[in-house]
Amino acid sequence: MNMTYDPQNIFARILRGEIPNKTVADTEHTLAFHDIAPHAPDHVLVIPKGAYVDFADFAARATAEELVDFHRTAARICEGYGAGYRVISNSGGHGGQEVPHYHLHLLAGRPLGPMLQR
Ligand code: 5GP
């Protein structure tokens, strides 16, 4: 994957406060907010505050504190989805990643169907 981080990507602008968001959680290293075009009744994006392009970049370069804070923040939100949920992270062209700042999609609120179209 292209590991060059684009500081003008939309999530970087959200982190700088240039674009508003509907915040769900805001911790030292992590921000979670509602997706602007939800695919399910509950659709939350969880992003690290650091400049990471995708899952592999975050896993390789983040500090232990960032890794723990990010996953525990996401997990706390998931704990509220009593009927179940799905976590997705897209990367690169084949992964369908639109915003090149690492994020998890937390999806819930209805039966989500099969994981992928075959
Ligand atoms: P990706 O395709 O990169 O995995 O997902 C990017 C997600 O960001 C999409 O679900 C899209 O709806 C969401 N998104 C794009 N721009 C904005 C924005 O300005 N605000 C919010 N809250 N979500 C956005």
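**Note on the ligand site and three residues of the model**

1. Sixteen residues, or 16 in figures, surround the ligand, and the closest of them are Asp35, Asn90, Glu98, His103 and His105. The structure is a predicted model, and the remarks below should be read with that in mind.

2. On the composition of this surrounding shell, the residues divide by class into eight nonpolar, six polar and two charged. As for where they come from, helix H1, which spans 10-15, and strand S2, which spans 30-34, each contribute at least two residues to the shell around the ligand. The largest share, three residues, is supplied by H1.

3. Polar atoms of the ligand can be paired with specific protein atoms. An oxygen atom of the ligand lies 2.7 Å from a backbone N or O atom of Glu98, and an oxygen atom of the ligand is also found 2.8 Å from a polar side-chain atom of His105. On the nitrogen side, a ligand nitrogen atom is 3.3 Å from a polar backbone atom of Ile36. Taken on its own, the ligand has 530 Å² of accessible area, of which the protein covers 87%.

4. With regard to pockets, the largest pocket of the model is the space that the ligand takes up.

5. Phe11 belongs to helix H1, the helix that gives the shell around the ligand its largest share of residues. The relative accessible area of Phe11 is 6%, and the residue is therefore classed as buried, the cut-off being under 20%. Between Phe11 and Gly93, which stand 82 residues apart along the chain, the C-alpha separation is 18 Å.

6. Leu104 is placed in strand S5, which covers residues 104-108. Because its relative accessibility is 9%, Leu104 counts as buried. Measured by position in the sequence, Leu104 and Val87 are 17 residues apart, while in space their C-alpha atoms are 6.4 Å apart.

7. Pro111 lies beyond that strand, in the segment after S5. Is Pro111 buried or exposed? At 74% relative accessibility Pro111 counts as exposed, because the cut-off for that class is over 50%. The C-alpha atoms of Pro111 and Ala40 are 9.1 Å apart in space, with their positions 71 residues apart in sequence.

8. To draw the points on the ligand together, the site combines a shell of eight nonpolar, six polar and two charged residues with coverage by the protein of 87% of the ligand's accessible area. Glu98 and His105, both listed among the closest residues, appear again in the polar pairs, Glu98 through a backbone atom and His105 through a side-chain atom.

Methods. Residues are numbered from 1 along each chain as its sequence is written. This is a predicted model: local features need pLDDT of at least 70, side-chain atom pairs count only at pLDDT 80 or more; totals for chains, interfaces and linings use all residues. Side-chain values use heavy atoms; hydrogens and water are left out. A residue is near a molecule or strand if one of its heavy atoms lies within 4 Å of it. A polar contact is a pair of N or O atoms within 3.5 Å; within protein, one must be able to donate a hydrogen and the other to accept it, and residues adjacent in sequence count only if both atoms are side-chain atoms. Accessible areas come from the Shrake-Rupley method with a 1.4 Å probe; for residues, only the protein chains shown count as cover. On a 1 Å grid over the protein atoms alone, a cavity is a set of points where a 1.4 Å probe fits but cannot get out, and a pocket is an open set with protein on both sides within 12 Å along at least five of seven lines; lining residues have an atom within 4 Å of a point. A molecule sits in a cavity or pocket if more than half of its atoms lie within 2 Å of its grid points. Helices (H or I, at least four residues) and strands (E, at least two) are DSSP runs, numbered from the N terminus. Ala, Val, Leu, Ile, Met, Phe, Trp, Tyr, Cys and Pro count as nonpolar, Asp, Glu, Lys and Arg as charged, and the others, Gly among them, as polar. Buried means under 20% relative accessible area, exposed over 50%, partly exposed in between (1.4 Å probe, protein chains only).
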